[in-house]
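Biologist: Could you take a close look at one part of this model for me, the open sheet and whatever packs against it? I would enjoy a connected walk through it, with a little of the surroundings at the end.

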Amino acid sequence: MSAKLNLISGLLAGCTAFSLFAGETPDNSAPIKVGVAAFANPASVAARWQPTIDYLSHTLGRDFDLKVLSPIEQQRAVANDQIDFLISNPVSTVSFKQDFGINQLLSLVGNNASRPEDTVGSAVISRVGEAPRDWSSLEHLKVVSSAPEAFGGFQIFAGELANRGIDVQKDLKQFTFRGFPQENLLQLVRNGEADIAILPACVLENAVRQGHVPKNSLTVALKVKHDNYPCEASTPLYPGYAFSKLGHTDHQLGASLVKALLSIDNTHPAAIQGRYQYWTVPVDDRQVFALLKTLQRWPFVTNWEKLLHSALPWLFGGGIIFLLGGLHHLWVQRLVHIRTRALQTEMEGHKQTQQALLDQQKQFFKAQRVLLTGEMASGISHELKQPLAGIRYLTQGCLYRMKDSGPELKSAMTKVLDQVDRAQDTINRLRSFCQQDTQYCRIDLMQLLDETLNLMRPDFKRIKLEPMLNLVPGLIHADSSLIQQVLVNLIRNSLDAMDETDSPELSINLKTCGDNVVLEIIDNGKGLSDTQYDRLFMPFETSKPQGTGLGMVICKRIVEEHQGQLEALRRTQGLCMRLTLPKAQLSYEDAL
């Protein structure tokens, strides 16, 4: 025993040190609540355990408060952290450990036990002379027990029946629970209301000793012999009470309490009143797990009752949400039906406009490809013409110096000249192929801009924008298709720049200035950085993820082809794109 105490003391010292290191500072003002399961008369339970609680108060210098709890109250107190420690049977302890994370600190060794593992059993009690001959005989008798939570009063008995292939609820047709205190079941058997009472071992002996039941009126049936056990039992023996700490309780307090309880021996007043010999380290609980497996309880089956209880609020809330969702769905469906009919009418009106815009975009992309090819052809021809001319001049010089010598080499050099001429012809044909004839005519830039805005109406609706227009007629001599592509590109760039603007604004001003027509497209978008501004009209420069970087280059080339000018003017917020084109000259017929 001393070696055991030394080992436990060392472990407790380590726990205390860890608790201090973790910086835990328990509240010493609040009383410590110790709950104890009451399977008998609450007054007798309180009288049994109060001396132990008083001993802890005196030893630890803290106020300890004893709470006598029924099985239902015990469940509620553990679930809601209403107590700090719990004294209960091993099955409840194991169940609470899984559900609420309590920790068993000690096991109780009762007065009737020679070993802590052999403390509690069940007794099948009948009237003298009417004891059943075997377990199957119970199926035809009136059997009473206190409650499903009673360890010795039901659970051990139920496990023994299950091991013999008998189900309490199905096979014992006249089995009932009668509640607490358990001693009342003895009177039910005596007066004939029941044939059999299931009680913890030693309850009958204690009732006879206290004079509550006459001697030789009741007996324990289906006896199982246990050496060194002073009471008669009908089942195997299991560990007794366990002292456990709830998860929220301070570890240092738990360590001090364990040390105090381990110092109690069988001569101590608390042990005498509590009907136990001493407390010891937690015992081997494999017997308890075997019983749980037999009873088909956690951890061997899912606790559906607890799972349903915890899920009930969610199920109720889900049902309400589902109902509201159904009503909302019907309402939305009705609104969708009404809106769909309105949209169908509106979509028919926009269908032609969208198709026209799509055709216009296709023409623009085609023009981009053609102009890009022209740009590439011009660049390639410019880069190749000079080296080809150099090759030609050098070859002609070699032929001049060779005169009539080396006819074979002279022939080869002549062929080089032929190949150079052939390469130059190929380049010239490529340039001619890529050149696109421009069809100039007199157009009203205001009318062309109005057509462009109508084509782009869906883009304005996308960002809920109505452009502010300040337009005057302006006649120009231009290719309407190319100029319209410039307008589409400039307006779309402004709309893209305002995608993240809370209140987008777009102003389009058309005016005449001397011999020119000036168009300004002004937005309040994100504008351009210094680098973007400097490289605005350079090819393959873009800030769009899917952009080609050729739009502004092509626009500038089209404008310059029309003898105009395209420039970007930075603003405090946004950008102004200014397009300047020369006015169309009046024809002889117009002058007349």
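Modeller: Happy to! Strand 16, residues 516–523, and strand 18, residues 575–582, make a good place to start: they are paired in the antiparallel sense, with eight bridges between them. To find your place in that pairing, look for Val518, whose bridge partner in strand 18 is Thr580. Please keep in mind throughout that this is a predicted model.

Now step back to the whole sheet. It is open and has five strands, in the order 13-15-16-18-17, and the pairing is mixed. At the edges sit strand 13 (468–470) and strand 17 (565–570), each of which pairs on one side only. Between neighbouring strands of the sheet the average turn is 15°, direction ignored.

Two helices belong in this picture. Helix 14, residues 445–455, packs on the sheet and touches strand 13, strand 15 (506–513) and strand 16. The direction of helix 14 makes about 165° with that of strand 15. Helix 16, residues 480–497, lies across strand 15, strand 16, strand 17 and strand 18; relative to strand 16, helix 16 runs at about 25°.

For the surroundings, another bit of strand pairing is worth a visit. Strand 10, residues 242–245, is joined to strand 3 (residues 85–88) by four bridges, and the two run antiparallel. Strand 10 also pairs with strand 4 (residues 103–110), again in the antiparallel sense and over four bridges. Phe243 is a handy residue to click on here: Ile87 stands opposite Phe243, and Leu106 has Phe243 as its bridge partner in strand 10. From strand 10, Phe243 and Lys245 point one way, Ala242 and Ser244 the other, and all are buried.

The surface offers a contrasting view. Phe316, found in helix 12 (residues 304–402), counts as exposed because its relative accessible area is 59%, and the cut-off for exposed is over 50%. Together with Ile320, Leu323, Leu324, Leu327 and Leu330, Phe316 forms a nonpolar patch with about 630 Å² of accessible area.

Finally, the setting for all of this is a protein chain with 19 helices and 18 strands. Of its 592 residues, 40% are buried. Among the chain's contacts between residues at least 6 apart in sequence, 74% join residues at least 24 apart. The chain exposes about 33600 Å², with 54% of that supplied by carbon and sulfur atoms.

Definitions and conventions
Residues are numbered from 1 along each chain as its sequence is written. This is a predicted model: local features need pLDDT of at least 70, side-chain atom pairs count only at pLDDT 80 or more; totals for chains, interfaces and linings use all residues. Side-chain values use heavy atoms; hydrogens and water are left out. Two strands pair if DSSP finds at least two bridges between them. Axes are lines fitted to C-alpha atoms, for helices over the stretch in contact, and angles run from 0 to 180 degrees between N-to-C directions. Contact means heavy atoms within 4.5 Å. Patches are made of residues with over 30% relative accessible area and no salt bridge: like charges are joined within 9 Å, nonpolar side chains (Val, Leu, Ile, Met, Phe, Trp, Tyr) within 5 Å. Accessible areas come from the Shrake-Rupley method with a 1.4 Å probe; for residues, only the protein chains shown count as cover. A salt bridge is a side-chain nitrogen of Lys or Arg within 4 Å of a carboxyl oxygen of Asp or Glu. Buried means under 20% relative accessible area, exposed over 50%, partly exposed in between (1.4 Å probe, protein chains only).
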